[in-house]
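Dear colleague,

I am passing on the structure that we spoke about, and below it you will find my notes on what came out of going through it. Please read them with the model open beside you.

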Amino acid sequence: MPSNTLKNVLVVQYSQTGQLAAVTAKIIAPLQADPNIAVRVETLQPEQPFPWPWPFLRFLDAVPETVHLLPGRLKPLSLVGDEQFDLVILAYQVWFLAPSQPITAFLKNPLAQRVLRGKPVVTVIACRNMWLMAQEKTKALLSAAGARLIDNVALVDPGSALATLITTPRWVLTGRKNGFWGLPAAGLTDTQIRHSRRFGLALREALLANREQGNPPLLDGLGAAQADPRLYFSERAATRSFFVWGKLLMAVGRPGSWQRIPLLVLYAIFLVVMIVTIVPTSLALQALLGPLMHPWLSKIKLQFEQPSGSSTERSHIYED
Ligand SMILES: Cc1cc2nc3c(=O)[nH]c(=O)nc-3n(C[C@H](O)[C@H](O)[C@H](O)COP(=O)(O)O)c2cc1C
């Protein structure tokens, strides 16, 4: 670490395809290029690696421990616990409307909690489009660790909710990302990934002005987090359903055990029935009731976009 270092930044990440890692790399590049900032990257490694693509039953089998925040163990961290950071960047995938298991394992790790205590944290999410409940859970875990959430960047796939209902599971379960039958490719666009550099430029400026020590967000005005309040109801309902099925599955066996298989098959059928009935019904109801619900939806949108917000008035400053 250079002796003239003024600021220390910890980056914690777990990505499977490398998409989130690419976003993180764009964000931290301006920090790494600055001689006054030292960046330490902690890439989480589960003791039992998660597959990519995911076999179907293995995918469903991950629901209970993910949603109940009872993750599999991580390999030892490179951190020892007494490091002092000025800022922490936590980059996470959403799994079943919760943070991915490796990220939950990190946030519940006593050593990590020592490192996080009192520190400002910027969360960075790259997911399909449903991150509201995951961020609520992450906020609770950060708060239990004594950390201070200062910003949230949420990048979502640009495809419509209906298109990504097909393209994301196809990507996760087969590894195929390309567009087909007129549907867009799964995942973020290259432009979204490239433009995430603006967050790094703003963070660098803020760090060099000691603004991470205050409470206001550092990434406001940069279009950091756009919440879709219409997904709020689906997220609430699905979270409840994941929770109940998760309890049932945990009651019959451990992750990977044969005892879970019959219930997992039943769960798969339940999910398909839910998707073909509840999703269109909920979309139709929202289209009908939309005008009536507008003030309430606007409130939800504003609330979930905190602390960084969705406005873009400062984006032009950091354009390349
Ligand atoms: C087990 C699993 C569950 C997922 N659940 C969600 C979800 O609830 N909401 C969502 O928007 N994306 C979900 N995704 C998509 C991921 O958030 C992410 O976009 C994708 O896994 C690619 O991440 P990576 O490129 O960093 O590996 C899920 C992916 C996996 C593997």
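What radius of gyration would a compact globule of 320 residues have, and what does the chain have? Please keep in mind that this is a predicted model. For 320 residues a compact globule would come near 20 Å, and since the chain has a radius of gyration of 20 Å, the two agree. Along the principal axes, the C-alpha atoms occupy a box of roughly 60 × 45 × 35 Å.

As to the chain as a whole, its secondary structure consists of 11 helices and 7 strands, and 49% of its 320 residues count as buried. Of the contacts with a separation of 6 or more, 83% are between residues 24 or more positions apart. The exposed surface of the chain is about 15,200 Å², of which carbon and sulfur atoms supply 62%. The chain carries 31 positive and 21 negative charges, and the mean positions of the two sets lie 6 Å apart.

One helix that I went through residue by residue is H9, which runs over residues 197–208 and reaches 17 Å from its first C-alpha to its last, close to the 16 Å expected for its 12 residues. The buried residues in H9 are Arg198, Phe199, Gly200, Leu201, Ala202, Leu203, Ala206 and Leu207. Just after H9 comes asparagine 210, which takes a positive phi of about 60°.

Two single residues may also be of use to you. Lysine 137 sits in helix H6, residues 132–144, and it counts as buried because its relative accessibility is 17%, under the 20% cut-off. Apart from neighbours within four places in sequence, lysine 137 is in contact with Val67, Leu69, Leu97, Ala98, Pro99 and Thr239. With valine 67, lysine 137 has a C-alpha to C-alpha distance of 9.4 Å, although 70 residues separate the two in sequence.

Leucine 283 belongs to helix H11, residues 261–304. Its relative accessibility is 40%, so leucine 283 counts as partly exposed, a class that lies between the cut-offs of 20% and 50%. Leucine 283 and leucine 162 are 121 residues apart in sequence, yet their C-alpha atoms are 9.9 Å apart in space.

With best wishes

Terms used:
Residues numbered from 1 in each chain as written. Predicted model: local features only at pLDDT ≥ 70, side-chain atom pairs only at ≥ 80, totals over all residues. Heavy atoms only, no water. Helix = DSSP H or I, 4+ residues; strand = E, 2+ residues; numbered from the N terminus. Expected span 1.5 Å × (residues − 1). Buried < 20%, exposed > 50% of the residue type's maximum accessible area, 1.4 Å probe, protein only. Rg over C-alpha atoms; globule rule 2.2 N^0.38 Å. Contact = heavy atoms within 4.5 Å. Areas by Shrake-Rupley, 256 points an atom, 1.4 Å probe, with all protein chains shown as cover. Lys, Arg positive; Asp, Glu negative; His and termini not counted. Charge placed at Lys NZ, Arg CZ, Asp CG, Glu CD.
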